[in-house]
Every structure is written in C-alpha cells, then in structure tokens.
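The following exercises train the reading of a protein structure, step by step. Please examine the sequence and the structure before attempting each task.

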Amino acid sequence: MLSIENTDGGVIHVKASGKLTRPDYDTFDVQFDKVSQANKPVRVLVELDGFEGWDAAGLWQELKFDVTHNDDMGRVAVVGDKSWEEWGTKISKPFFSADMKYFDKAQESEAREWLMRP
C-alpha cells in the first residue's frame, strides 16, 4: 500500500508498506497531484513500514512517477529500518533533482527537521 497519510506543516507524509503494485500508484498519483498543485516544491517524508519492494508493474509505475514528478519535490526524507532501504535511497539520489536523505526509524524527528531547513 502507498498512501499520503497527512500534509501538515508543509510536509507530505507518505507511507509505503507491503509490496507496491500498479493500482497503489494509480491511486497515489491522483492524491499527490492534488497536494503538489498547491505546495511546490513538495517536501516529502516517506515512511517505509513493512515495505517489501514492488511487483514488476509497481516498479514501472514508480519509475514513471519519479520522472513525472521529479521537479515537484524539494526534499525527500526516507525513514526506514532496513539496510537495503538505506542503500536504495543512496542509489536513487543521482536520478532526482530533489535532495534525498535516509533516516532510521528512531530519527524521524530529525528527518522532519531536515525537511524544514531552508
């Protein structure tokens, strides 16, 4: 599942759990478009909670979303608890114009502070 949990304080809180699929992105893309139209650049807190990756169609939708919305995002903080999630964040950085950084779950408050820096 992929969803926007809330949009308070100028930060969109995205939660990703389980294995992401194309229908997850179809719904999420509509939500993100509504929020990003009023809040550019978007600062995004991505919380990975029980995240298991993507199925093939979900990965394709992720890549399309990233290309389409690359310029809409200012900073992206990824909060997770697995070393492969940190590795994945580092690998993704060169493909984004947004500043991306990984934080462990215990560092969520630091992630929020980092997102709000000028």
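**Exercise 1. The surroundings of helix 2**

Against which strands and which helix do the buried residues of helix 2 pack?

Solution. The model shown is a predicted one.

Step 1. Locate the helix: helix 2 comprises residues 56-69, 14 residues in total. From its first C-alpha to its last it reaches 20 Å, close to the 20 Å expected at 1.5 Å a residue.

Step 2. List its buried residues, which are Gly58, Gln61, Glu62, Phe65, Asp66 and His69. These residues lie on the same side of helix 2, because they cover an arc of only 140° around the axis.

Step 3. Identify the packing partners. The buried residues of helix 2 pack against strand 2 (11-20), helix 1 (22-38), strand 3 (42-54) and strand 4 (73-80).

Step 4. Consider the face turned away from the buried side. That face of helix 2 carries the exposed residues Ala56, Trp60, Val67 and Thr68.

Step 5. Inspect the start of the helix. There, a side-chain oxygen of Asp55 comes to within 3.3 Å of the backbone nitrogen of Ala57.

**Exercise 2. Pairing of the strands**

Determine which strands pair with one another, and in which sense, parallel or antiparallel.

Solution.

Step 1. Begin with strand 1 (residues 2-6). Strand 1 and strand 2 run antiparallel and are joined by four bridges. In this pairing, Ser3 has Lys15 of strand 2 as its bridge partner.

Step 2. Proceed to strand 2 and strand 3, which run parallel and are joined by nine bridges. Here Lys19 stands opposite Gly53 in strand 3. Between these two strands the chain passes through helix 1, and this β-α-β crossover is right-handed.

Step 3. Continue with strand 3 and strand 4, a parallel pair with six bridges. The bridge partner of Val42 in strand 4 is Met73. Together with helix 2, strand 3 and strand 4 make a right-handed β-α-β unit.

Step 4. Finish with strand 4 and strand 5 (residues 99-104), which pair in the parallel sense over six bridges. Val76 stands opposite Met100 in strand 5. Strand 4, helix 3 (residues 83-92) and strand 5 also form a right-handed β-α-β unit.

Step 5. Examine how far two of these strands are covered. Seven of the eight residues of strand 4 are buried. In strand 2, seven of the ten residues are buried.

**Exercise 3. Two residues of strand 3**

Classify Val46 and Asp49 as buried, partly exposed or exposed, and describe the contacts of each residue.

Solution.

Step 1. Place both residues: Val46 is in strand 3, and Asp49 is in strand 3 as well.

Step 2. Apply the cut-off, by which a residue is buried under 20% relative accessible area and exposed over 50%. Val46 has a relative accessible area of 17% and is therefore buried. The value for Asp49 is 34%, so Asp49 is partly exposed.

Step 3. List the contacts, leaving aside residues up to four places away in sequence. Val46 touches Val14, Val76, Ala77, Val78 and Val79. Asp49 is in contact with Lys15, Ala16, Ser17, Gly18 and Lys105.

Step 4. Relate distance along the chain to distance in space. Asp49 and Asp81 are 32 residues apart along the chain, and their C-alpha atoms are separated by 8.1 Å. Val46 and Arg117 are 71 residues apart along the chain, with 17 Å between their C-alpha atoms.

**Exercise 4. Two polar residues, Asp72 and Ser36**

Is Asp72 buried or exposed, and which side chain does a polar contact join to that of Asp72?

Solution.

Step 1. Place the residue: Asp72 lies in the loop between helix 2 and strand 4.

Step 2. Compare its accessibility with the cut-off of 20% for buried residues. At 12% relative accessibility, Asp72 counts as buried.

Step 3. Find the polar contact: the side chains of Asp72 and His69 are joined at 2.8 Å. His69 is one of the buried residues of helix 2.

Step 4. List the contacts of Asp72 beyond four places in sequence, which are Phe32, Ser36, Lys40, Pro41 and Val42.

Step 5. Follow one of these contacts, Ser36, which is found in helix 1. Ser36 is buried, with a relative accessible area of 2%. Its side chain reaches the backbone oxygen of Asp33 at 3.3 Å. Not counting residues up to four places away in sequence, Ser36 touches Val42 and Asp72.

Technical notes
Residues are numbered from 1 along each chain as its sequence is written. This is a predicted model: local features need pLDDT of at least 70, side-chain atom pairs count only at pLDDT 80 or more; totals for chains, interfaces and linings use all residues. Side-chain values use heavy atoms; hydrogens and water are left out. The expected span of a helix is 1.5 Å times one less than its number of residues. Buried means under 20% relative accessible area, exposed over 50%, partly exposed in between (1.4 Å probe, protein chains only). The arc is that of the directions from the helix axis to the C-beta atoms. Contact means heavy atoms within 4.5 Å. A polar contact is a pair of N or O atoms within 3.5 Å; within protein, one must be able to donate a hydrogen and the other to accept it, and residues adjacent in sequence count only if both atoms are side-chain atoms. Two strands pair if DSSP finds at least two bridges between them. A crossover is right-handed if, with the strands pointing away from the viewer, the path from the first strand over the helix to the second runs clockwise.
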